[in-house]
Amino acid sequence: MKIKKYKVVSSTNLIAKKLRPEPWLIILAEKQTVGYGKKLSRWFSPKGGLYFSIVLPKSKIEDLQTLTILAAFIVAKTIRDYYPPPALRSQPTRPKKDILSFEPLIKLPNDVLLNGKKICGILTENIIGKEVKSSVIGIGLNTNIDKFPKELKNEATSLRIELGREVNNEKILKQIVEGIKQQLATISE
Amino acid sequence: MSYIRQTSNGVKLKLRIKDREYEVEIKKEEQDKFKIKIGQKEFLFREEEGEEKISFARASLPKRDFFKKELLSPIAGIISEIFVKEGEFVKKDQKVLILSAMKMENEIVSEFSGKVKEILVKKNQEVKEGDILIVL
């Protein structure tokens, strides 16, 4: 996996769009100054979080939408399989209804929620002329963020807050990218 | 100097349009078949044949209509940003607008270089696939 690392960027999607590099290159940043989501809404991107963009192979526009949903699914699955919140692990006798609220949920197709709060945002951007020229999928995952500003406190959360411990950003990055590639291979068979 | 002269089977004209002179001859060839000759070019058509007349009409369409370039919407969506103005010159592959569609942000880039003649959409407008967005 080829990763291009940056300390600070405007946004990993902006960099990826400008470079127009080969498919599957990862643009990774420790911090984004203008991280954004759908309709250019801001994405809180301080140091500690995981911010990356994946340059996608040339695809049809319908397939790109599927890929966006697939990415959300893989992020949720990665959290559940490798970073389950304590409530999911230690209390198997809890009523099912209760456990469900701790399961990572997908808010189709762009967000992943944990404990009812936004933990990950996904934005796919395409450049289209006569056909799709390039596509990039940007993922912002709140990993090691201790706390959020007042206005986001009730709607955003992080793995650090939910698990009570730090996680390894690059390890999660690899788990997500490998997960997406594998799933993609499975569905394209 | 312009003139119109009757011939045995039609008319001959000499027309002056702007700085050029044209010799035009209209004559009946046989039964319902007509020939119009402009300079060295000949156009044949039958009185009752609409198609032949149309092909003649086409030959006289103003040239610039053939060179009009249109940027079409590749998919249905909502225009979320427009980056160019009418009268502005755009280069090939220059970003002209953003179309939000299928929960993705799609940067539409111009397929051609040219002057923006007309912008047919507004911010927040819904568009269908194939709608004309911008005329160059």
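**Exercise 1.** How many bridges join strand β1 of chain A to strand β2 of chain A, and do the two strands run parallel or antiparallel?

*Solution.* The model is a predicted one.
Step 1. Locate the strands: β1(A) covers residues 3-9 and β2(A) covers residues 26-32.
Step 2. Count the bridges between them: there are six, and the strands run parallel.
Step 3. Check one pair: A:Val9 has A:Gln32 in β2(A) as its bridge partner.
Step 4. Follow the chain from β1(A) to β2(A): it passes through helix α1 of chain A, residues 12-19, and this β-α-β crossover is right-handed.

**Exercise 2.** Find the sense in which β2(A) pairs with strand β3 of chain A, and name a bridge partner in β3(A).

*Solution.* Step 1. Strand β3(A) spans residues 50-56.
Step 2. Four bridges connect β2(A) with β3(A), and the strands run antiparallel.
Step 3. A:Ala29 has A:Tyr51 in β3(A) as its bridge partner.

**Exercise 3.** Describe the contact between chain B and chain A, starting from residue counts.

*Solution.* Step 1. With contact taken as C-beta atoms within 7 Å, 14 residues of chain B touch 16 residues of chain A.
Step 2. Strand β10 of chain B, residues 104-109, supplies six residues, the largest share of the side of chain B that touches chain A.
Step 3. Sorted by class, that side of chain B has six nonpolar, five charged and three polar residues.
Step 4. Look for strand pairing across the chains: β10(B) and strand β6 of chain A, residues 117-128, are joined by four bridges and run parallel.
Step 5. Place one residue: A:Ile127 is opposite B:Glu107 in β10(B).

**Exercise 4.** Work out the strand order of the open three-stranded sheet in chain B and identify its edge strands.

*Solution.* Step 1. The order is β6-β14-β12 in chain B, with antiparallel pairing.
Step 2. The edge strands are β6(B), residues 70-72, and β12(B), residues 118-119, since each pairs on one side only.
Step 3. Between β6(B) and β14(B), residues 132-135, there are three bridges in the antiparallel sense.
Step 4. Across this pairing, B:Glu70 is opposite B:Val135 in β14(B).

**Exercise 5.** Summarise chain B by its secondary structure, burial and contacts.

*Solution.* Step 1. Chain B has 14 strands and one helix.
Step 2. Of its 136 residues, 14% are buried.
Step 3. Take the contacts in chain B between residues at least 6 apart in sequence: 36% of them join residues at least 24 apart.

How values were computed: Residues numbered from 1 in each chain as written. Chains lettered and ligands numbered in written order. Predicted model: local features only at pLDDT ≥ 70, side-chain atom pairs only at ≥ 80, totals over all residues. Contact = placed C-beta atoms within 7 Å. Nonpolar A, V, L, I, M, F, W, Y, C, P; charged D, E, K, R; others polar. Pairing = 2+ DSSP bridges. Right-handed = clockwise from strand over helix to strand, strands pointing away. Buried ≥ 20, exposed ≤ 12 C-beta atoms within 10 Å, placed from the backbone.
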